[in-house]
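Dear colleague,

I am passing on the structure below, together with some notes on what turned up in it. Please keep the model open while you read, since the notes go from one region to another.

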Amino acid sequence: MLRRAFLLVLVLAPLGRAQVETPYRTPSAPLAALVNAPLTPFVVLNPDRSRLLLLERAESPGLAELAQPELRLAGLRIDPAINSASRAAAYTGLVLQSVADGTEQRITGLPADARVPHYQWSRNGKFLAFTVARPKGLELWVAEVATARARALTPPVLNGVFGEPLAWLDDETLIVRRVPAQRTPPPAEPPVPAGPVVQENLGRRAAARTYQDLLANARDEALFEYHGATELVLIAAASGTVTPLGVTGLITVATPSPDGRHILVESLHRPFSYLVPSSRFPTVIDVIALDGRREHRLADLPLNEGGAIGAVRPGPRNVTWRGDTPATLSWVQALDRGETTDDKKAARDAWFTHAAPFAGAPVEQQKFEFRAGTVTWGDDTLALVTETWTRTRITRTWRVAPGRPGGPRELLSERSTQERFKHPGEPVRGRNQFGRLVIQRSADGGKIFLAGAGATPEGDRPFLDEFDLGSKQTRRLWRSAPPVYEEFIAFTDASLTRALMRRESAQEPDNYCVRDLTRADGALRPLTRFPNPFPQFAGVKSEVLRYKRADGVALSGTLHLPPGWTPAQGPLPTLLWAYPREYLSAEMAEQVTPTAERFTRISVSGPLPFLLDGYAVLNDPTMPIIARPGGKPNDTYIEQLVASAQAAVDELVRRGVTDPKRVAVGGHSYGAFMTANLLAHSRIFRAGIARSGAYNRTLTPFGFQSEERTFWQAPQVYAAMSPFNFADKVKDPLLLIHGEADNNAGTFPIQSERFYNALKGHGATTRFVLLPHESHGYRAKESLLHMLWEMETWLDLYVKDSK
């Protein structure tokens, strides 16, 4: 009782004030320790498959880093000090590990405080190029694999505003996007505006989803042009010699052809838009020679402000190089206006190629009924092309022969994008003579390999198959089996008999090993030995639950029990953490099942830290929103959401794990939206935690999540799904947390601000926490600690200690 009184004083002391700026707080010691836990390195296989690159990751940055000046322009977030993306993740150390014997070499020569945002292997795997973020910009560095010694190639002049600013032209030369050599100081803010900001539309439909960080005035436009301005240069890896190409502009793409003789360049230009991000700005697509001459202009795409959910941009899109030829462009193009309104059309997209020297007309390879997507290259006799129709969730994979344009093609698979149990797997790829990833063929060329998750009702069982292109027969080479979870990463040599695998179990974290596929005993040779970063969770018991909703839909989730708990101690306070998803059928919804053999990864942003506080946690219980016959999934969103939540709690109570009077629900983003709706439309939960959500769907009127209808087409759905409209019905305590700088589409901070005001106006028990400088996901150490403190205090006060 004394503890509850203390918590009440701590949380509710400032009742006499509408708001208060509180200092950052720290949760209990076990939870605080999680924020400082070391992160497991990220692992990449080099092109010649001889080494792993272990990229060491830093712990959470301090708030001071997030508080640095930041420009939010055209959907981008820019650090003006270094002329690159702000808030970008960076690696702090680079280690090479031999696949042959497991020996490690740390790459030396880096600055003591190195932060590495980008990296690229050379085509032959002899060099690793990367950027180092310095106080005044991005530097280009290179490391020779043979010596594991790094050196700087440039001063801090690279331009990372539009993403990774480097690519290998050939085995020895890099093409780099850098800040123009003669750049002047940035445009100053005028003391007095030159006039009002005016936007105008002359009768043209331009429906756009809700975006953040858009241009707002003429100075924003000037700053966008200033920081986006880029110059292309070639840099020799061995000598550091710089060769300017004389090509400048707002260059977003600079991709060399496989033979290294041409460069595909995409550049933005005016007129800009205040309605959509830079990805929709007018775009010129050119091919240039190595002396900077323009060889070919593929397109000059106009501003694209319209488009419903699932619509595509008119004109060439997915422009890239064929990976299996020296220099051939490939792209797809809508034959209609790129919209999604007609479900029955003979052809919507066409696929084209155009080989250097780009004379004559492009070659039309194939037409597709749906929207053409990725092309996986093999050679002139083999490529795999996917097409997908968003409205029906149908996807197809075709085998085509690029050397026979317009020739017959073969349907290899047709399924729902939500179909997991029958997924045939994805083609395994290997490097060709150009260093590009293409379909891996068997020695005789007659077979390819497919690797997949192997989803089953009992969980995922990853596999590797051999597929005979002639007989169309599949032979299983390997399949993961309990009590471990293992997945194929890549073949490690030309024999195609040894493979790099990632392996884990419920007790052991994932590590990498080499498997001999010819051995019946499945001989494994360990490579990495990453320790468990969270040993304090070793005593946690986890179990996959399977249960049914009242309407018969099968549901599942993973139950985690706190260390040391036994049924004799009685039912526990419980936290459900979920994220609803839409499906067109119950059959597809039921194919989402957890895998018991996977290692439980702890995220401080998730619900599992509260196991250390004595809570049971049901993590990611399925909350399917399923279309009824003749309708859309969201037509019965509330009804199905409540039914799924009730089924989960009923199952926990049936098992004797959960005290039904001490259950909380929470979620992030669309999970926060779910949480608010559950509290508005049921009394299942004692309290809720909603982070970075959207609560008023009229503020996202042109669609959200998978909802394709606009507010004006389905006003009743938007109204029924908006918990803001039912603020007067929320009777249980609700904690709202939001990042002050949220950049996610639709989840403006005003969503939480207005919902809090509505709740307060109706006398609800609620608390609203706005985290300074934080985006949609929270990164600063101070923010994460305070978030955990808020959640821990709220749960203890209103759930654990509730009566």
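**Strand pairing, cores and a buried threonine**

Strand 27 is paired with strand 30 (residues 447-452) in the antiparallel sense, and two bridges make up this pairing. One residue pair in this region is glutamate 426 with alanine 451, the latter being the bridge partner in strand 30. Please bear in mind throughout that this is a predicted model.

These strands belong to an open sheet of four strands, whose order is 27-30-33-34 and whose pairing is antiparallel. At its edges are strand 27 (426-427) and strand 34 (474-479), each of which pairs on one side only.

A parallel arrangement is found elsewhere, where strand 47 (residues 734-739) is joined to strand 48 (residues 766-771) by six bridges. Within this pair, leucine 736 stands opposite phenylalanine 768 of strand 48. Between the two strands the chain passes through helix 9 (residues 749-761), and the resulting β-α-β crossover is right-handed.

Turning to the nonpolar cores, the largest has 56 residues, and the members that touch the most other members are Leu576, Tyr637 and Phe685. Helix 6 (residues 637-654) supplies the largest share of this core, namely nine residues. Once neighbours within four places in sequence are left aside, the contacts of leucine 576 include Leu618, Pro621, Ala648, Val649, Leu652, Val663 and Phe685. A second core, separate from this one, has 35 residues, among them Phe537, Leu735, Met791 and Leu797. As general background, nonpolar side chains in soluble globular proteins tend to be buried together.

The last item is a single polar residue: is threonine 528 buried or exposed? Its place is in the loop between strand 38 (524-526) and strand 39 (541-548). Threonine 528 counts as buried because its relative accessible area is 5%, whereas the cut-off for that term is under 20%. Not counting residues up to four places away in sequence, threonine 528 touches Leu52, Leu54, Gln97, Asn511 and Tyr512. With asparagine 511 there is a polar contact, side chain to side chain, at 2.8 Å. For tyrosine 512, the backbone nitrogen lies 2.8 Å from a polar atom of the threonine 528 side chain.

With best regards

Note on methods:
Residues numbered from 1 in each chain as written. Predicted model: local features only at pLDDT ≥ 70, side-chain atom pairs only at ≥ 80, totals over all residues. Heavy atoms only, no water. Core = buried A, V, L, I, M, F, W, Y, C linked by side-chain atoms within 4.5 Å. Buried < 20%, exposed > 50% of the residue type's maximum accessible area, 1.4 Å probe, protein only. Contact = heavy atoms within 4.5 Å. Pairing = 2+ DSSP bridges. Right-handed = clockwise from strand over helix to strand, strands pointing away. Polar contact = N/O pair within 3.5 Å; in protein donor to acceptor, adjacent residues only side chain to side chain.
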